[in-house]
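This report describes surface charge, aromatic pairs and backbone details of one model. The structure comes before the text.

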Amino acid sequence: MRFGLTRSVLIHTFGGSIITVRSTTTSGQYVASRSRDPVFEKLMDKYKNLLKVIAIQDLILANPTPDPPSVSIEFLSRLSQKLHLNRGAASFLRKYPHIFHVLYDPAKSQPFCTLTAAAIEISRQEALAINAALPLVVDRLVRLLSMSMSKSIPLRAVFKVWRELGLPDDFEDSVISKNPHVFKLSDGHEPNTHILELVQEEGEEESLKLEAAVEKWRVVECCSEEDCSVDRTEIQFSFKHSYPPGMRLSKSFKARVKEWQRLPYVCPYEDMVGKKKSKSGVMGMEKRAVAIAHEFLSLTVEKMVEVEKISHFRKCFGIDLNIRDLFLDHPGMFYLSTKGKIHTVFLREAYERGRLIDPNPVYDARRKLLDLVLLGRHAALSDSNMSEQE
């Protein structure tokens with residue numbers, strides 16, 4: 001029997017009003033009707049326009065021939081629908097004068113868009129942070145491949161999450177090709193497709209022992225001091241759960257969480273061949289699916305990812321469950337937002353008051369761009385403020 005914090009027993013409130021969601025509700029209806037976490041919803045509300053800004057910024061930087069790089073407003077206007085610029089490209093660009101600069105090119109008789117000095121500096125800081133973390137990038141790809149049942153993943157799936165994993169935009173050359181002892185590219189079964197494989201010498205599987213993020217958390221919780229109050233038998237298979245202030249949980253909900261926490265834990269890097277036969281094996285596969293989702297989010301720069309993107313890895317990871325339902329069934333670990341018509345999942349334990357508890361240089365650079373987005377048309381930031389703390 002698959003464990004799920006099912007919608008028939010999920011009872012929680014914000015502001016004191018109790019909401020009971022019944023098991024007959026579809027997952028889509030449940031997402032629309034459930035209680036929302038205001039902190040994550042506020043954060044995602046900010047990210048909506050940031051994602052559009054990043055898309056335009058990438059288009060500008062991908063056209064380096066002019067100096068500075070630029071794209072025509074006419075070109076962006078043709079992409080308005082795809083970029084979700086509801087009021088058109090020109091109107092969107094005018095909302096963010098700290099990021100975009102619109103100028104008229106008399107030689108071509110049309111307006112163009114470039115990045116401001118502040119936006120270029122932030123982009124430079126992000127690129128420097130990514131290049132400085134290349135050994136960590138290699139480790140992330142190794143871990144991603146190690147969670148795959150075949151130790152291989154379609155390259156197109158990696159392209160879906162290259163930004164989330166903090167990969168450089170030329171990662172095929174700068175990461176994969178430069179580490180032939182770790183990675184190998186082979187032709188896929190379909191035309192023009194490639195498979196990224198983990199290179200493993202005979203007997204190397206035993207020496208490659210990867211520790212998941214949740215296992216490191218358990219070590220910290222199960223401190224070595226004699227006066228440690230944590231019950232090691234209670235936490236040996238557990239995941240960290242947290243709920244926002246004001247959320248009340250029913251007794252049956254708490255009981256199911258406690259029961260699930262005690263289920264045997266299977267490391268996301270463990271080979272699962274032959275472990276799907278018994279009832280306990282099926283339950284273990286469900287908990288392994290949660291472990292994989294948790295580890296995947298732990299590997300991302302911002303501890304968040306679009307559900308559609310992580311779904312591309314479901315088959316590789318051997319997950320038979322619906323990914324979105326998996327996140328909905330474990331609200332103490334994950335938060336699913338639908339802002340901007342995009343389903344985005346956050347790792348709860350990584351955040352506090354809308355920010356990462358343990359930030360990294362790439363995340364810090366991206367937050368600076370978000371700050372410019374939030375600034376809107378307000379007074380300009382000085383270039384010195386944007387360039388400090390590289």
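D173 is exposed, with a relative accessible area of 51%; exposed means over 50%, buried under 20%, and partly exposed in between, with a 1.4 Å probe and protein chains only. The model is predicted, so local features need pLDDT of at least 70 and side-chain atom pairs count only at pLDDT 80 or more, while totals for chains, interfaces and linings use all residues. Residues are numbered from 1 along each chain as its sequence is written, and side-chain values use heavy atoms, with hydrogens and water left out.

**Charged patches**

D173 belongs to helix α8 (residues 171–177), where helices are DSSP runs of H or I with at least four residues and strands are runs of E with at least two, numbered from the N terminus. Together with D169, D170 and E172, D173 forms a negative surface patch. A patch is made of residues with over 30% relative accessible area and no salt bridge, like charges being joined within 9 Å. A salt bridge is a side-chain nitrogen of Lys or Arg within 4 Å of a carboxyl oxygen of Asp or Glu. Lys and Arg count as positive and Asp and Glu as negative, whereas His and the chain ends are not counted.

A positive patch is formed by R87, R94, K95 and R377. R87 sits in the loop between α3 (73–78) and α4 (89–94) and is exposed at a relative accessible area of 76%. G88 lies in the loop between α3 and α4 and counts as partly exposed, at 23% relative accessibility. The C-alpha atoms of G88 and R78 are 9.2 Å apart, with these positions 10 residues apart along the chain.

**Aromatic pairs**

Rings of Phe, Tyr and Trp (its six-membered ring) pair if their centres lie within 6.5 Å; planes under 30 degrees apart count as stacked, over 60 as edge-to-face and the rest as tilted. The count comes to 13 aromatic pairs by this rule. The pair of F40 and F346 is tilted because the ring centres are 5.0 Å apart and the planes stand at 40°. This pair links distant parts of the chain, with F40 in helix α2 (residues 38–61) and F346 in strand β11 (residues 344–347), 306 residues apart. F40 is buried at 6% relative accessibility, and F346 is buried at 0%.

F296 and F317 form an edge-to-face pair, at 6.4 Å centre to centre and 65° between the planes. F296 is in helix α13 (residues 279–299) and F317 in helix α15 (residues 314–317), so the pair ties together parts that are 21 residues apart in sequence. F296 counts as buried at 1% relative accessibility, as does F317 at 2%.

Ring pairs also join F40, Y335, F346 and Y351 into a cluster.

Helix α2 also holds I56, which is buried at 0% relative accessibility. The C-alpha atoms of I56 and L76 are separated by 8.0 Å, and the two residues are 20 residues apart along the chain.

**Positive phi**

Two residues have a positive phi without being glycine, as tabulated here.

| Residue | Phi | Loop | Relative accessibility |
|---|---|---|---|
| K151 | about 60° | between α6 (134–147) and β6 (152–154) | 22%, partly exposed |
| R353 | about 55° | between β12 (351–352) and β13 (355–356) | 79%, exposed |

Conventions
Patches are made of residues with over 30% relative accessible area and no salt bridge: like charges are joined within 9 Å, nonpolar side chains (Val, Leu, Ile, Met, Phe, Trp, Tyr) within 5 Å. Accessible areas come from the Shrake-Rupley method with a 1.4 Å probe; for residues, only the protein chains shown count as cover. The place of a charge is taken as NZ of Lys, CZ of Arg, CG of Asp or CD of Glu.
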